[in-house]
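Biologist: Please take a close look at the charged side chains for me, and follow them into whatever surrounds them. I'd like one connected walk through that part rather than a list.

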Amino acid sequence: MGRTPPLSAAKAVDIVVASEQLILRGTGVDVEPALLSGNVVLNLTEPTSIKQINLLFRGKAHVPSTSIEPHILNNSSSQYVVCNHEWSFLEGHKGHSHTLKAGRHLFPFELRVGGSLPSSIATLVNGGSSVSYKLRATVVRSGFSANLSAIQPITITRTFAPESLEYQQTLEIENTWPEKLMYALIVPHKAWAAGDELTSLVKFAPLAKGVRVMSITSNLCETTRTLAKGGHLEKTRVVVSRRHEIVRGRAVSVD
């Protein structure tokens, strides 16, 4: 038979969540809330006097300052709190302590997360910006004993609802190269889910004799816009590029 590991082998305080990733589906006010739930776990090897146990869920945003403000260093940044929620366990009179017996103690918590909270993100573009969330548990012990603490990062992802029109609407762009050819770009969806394979259809119609398409280069670009102190910052980069050559009327991918 297996032997249960001693309590000393476990963390004195831990945060165990049902899921480390919360997905918010929808846009604007039409967002389906996600449930953040779990337990603050306290492992005691002996009876311990505890004043209080607090749990804090906080989201922070870091944005850079711009050179528009000459009195601010270019590498400085600003920090904003985007959400803040606190739980308190073992409530009682101020200064009153609770003696907990040795063993494993669970303190459950839950919070419905939704609304306008931004997605978790981190980028080095435009001087570096980030939005991050985490849970922090603090156990305040009596006397001169050091407090106990634990941190659990939480990831928030925003996406369209499965029935959103962005997943159904076709995007079509048509234009003409005067006296040369007409062309059209057709993308089956305006939005793509993570892990999808992006596809597109390109049509050409020559307008002059001898005009033909030899190759097509497609670029997928990422644009990062940051609202920082002093103004907006924007940068675009090519994420992936693909080249096709037209061989006997068919597009053949070229590495």
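Modeller: Arg243 is partly exposed, with a relative accessible area of 33%. Bear in mind that this is a predicted model, and every number below is computed from it. The partner of Arg243 is Glu245, and the closest N and O atoms of their salt bridge are 2.9 Å apart. Glu245 sits at 31% relative accessibility, so it counts as partly exposed too.

How many salt bridges turn up across the whole structure? The search finds four. Side chains of opposite charge can pair when their charged atoms come close. Another of these pairs joins Arg237 and Glu222, again at 2.9 Å from N to O. This pair links distant parts of the chain: Arg237 belongs to strand β16 and Glu222 to strand β15, with their positions 15 residues apart in the sequence. Both ends have some access to the outside: Arg237 is partly exposed at 42% relative accessible area, and Glu222 is partly exposed at 32%.

Then there's Asp14 with Lys11, whose side chains meet at 4.0 Å, N to O. That value deserves a second glance, because a salt bridge is counted when the nitrogen lies within 4 Å of the carboxyl oxygen. Lys11 is exposed, with a relative accessible area of 55%, whereas Asp14 is partly exposed at 23%.

Back to Glu222, which leads us into a pocket. Together with Ala191, Trp192, Ala193 and Ala194, Glu222 is among the residues nearest the centre of the second largest pocket, which has 16 lining residues. The space in there comes to about 590 Å³. Where does this second largest pocket lie with respect to the domains? Domain 1 (13-159) and domain 2 (165-253) both contribute lining residues, so the pocket lies between them. On the element level, β11 (148-159) and β15 each supply at least two residues of its lining, and β15 gives the most, with four. If you're thinking about chemistry, the lining of this second pocket splits into eleven nonpolar, three polar and two charged residues.

β15 also shows up in the largest pocket, where it again gives the most to the lining, this time six residues. The volume of the largest pocket is about 860 Å³. There are 24 residues in its lining, and those nearest the centre are Leu198, Thr199, Ser200, Ser218 and His244. The elements that give two or more residues to this lining are β13 (181-187), β14 (201-206), β15 (215-228), β16 (231-247) and β17 (250-254). Its make-up is twelve nonpolar, eight polar and four charged residues. So much for the two pockets.

For contrast, look at the aromatic side chains. A pair of aromatic rings is described by the distance of the centres and the angle of the planes. The structure holds four such pairs. In one of them, the ring centres of Trp87 and Phe109 are 5.3 Å apart and the planes make an angle of 55°, so the pair is tilted. Trp87 lies in strand β6 (residues 77-89) and Phe109 in strand β8 (residues 103-113), so the contact ties together parts that are 22 residues apart in sequence. Buried or exposed, then, for Trp87 and Phe109? Trp87 is buried, at 11% relative accessible area, and Phe109 is buried at 5%. Phe160 and Tyr167 make another aromatic pair, this one edge-to-face, with 6.0 Å from centre to centre and 90° between the planes. Phe160 is partly exposed, at 28%.

One last stop, with a lysine at one end: Thr45 and Lys101 are 56 residues apart in sequence, yet their C-alpha atoms are 8.6 Å apart in space. Thr45 is found in the loop between β4 (34-44) and β5 (48-64), and at 56% relative accessibility it counts as exposed.

Terms used
Residues are numbered from 1 along each chain as its sequence is written. This is a predicted model: local features need pLDDT of at least 70, side-chain atom pairs count only at pLDDT 80 or more; totals for chains, interfaces and linings use all residues. Side-chain values use heavy atoms; hydrogens and water are left out. On a 1 Å grid over the protein atoms alone, a cavity is a set of points where a 1.4 Å probe fits but cannot get out, and a pocket is an open set with protein on both sides within 12 Å along at least five of seven lines; lining residues have an atom within 4 Å of a point. Grid points are joined across faces, edges and corners, and a volume is the space filled by probe spheres set on the points. Ala, Val, Leu, Ile, Met, Phe, Trp, Tyr, Cys and Pro count as nonpolar, Asp, Glu, Lys and Arg as charged, and the others, Gly among them, as polar. Domain bounds come from an automatic or database domain assignment. Buried means under 20% relative accessible area, exposed over 50%, partly exposed in between (1.4 Å probe, protein chains only). Rings of Phe, Tyr and Trp (its six-membered ring) pair if their centres lie within 6.5 Å; planes under 30 degrees apart count as stacked, over 60 as edge-to-face and the rest as tilted.
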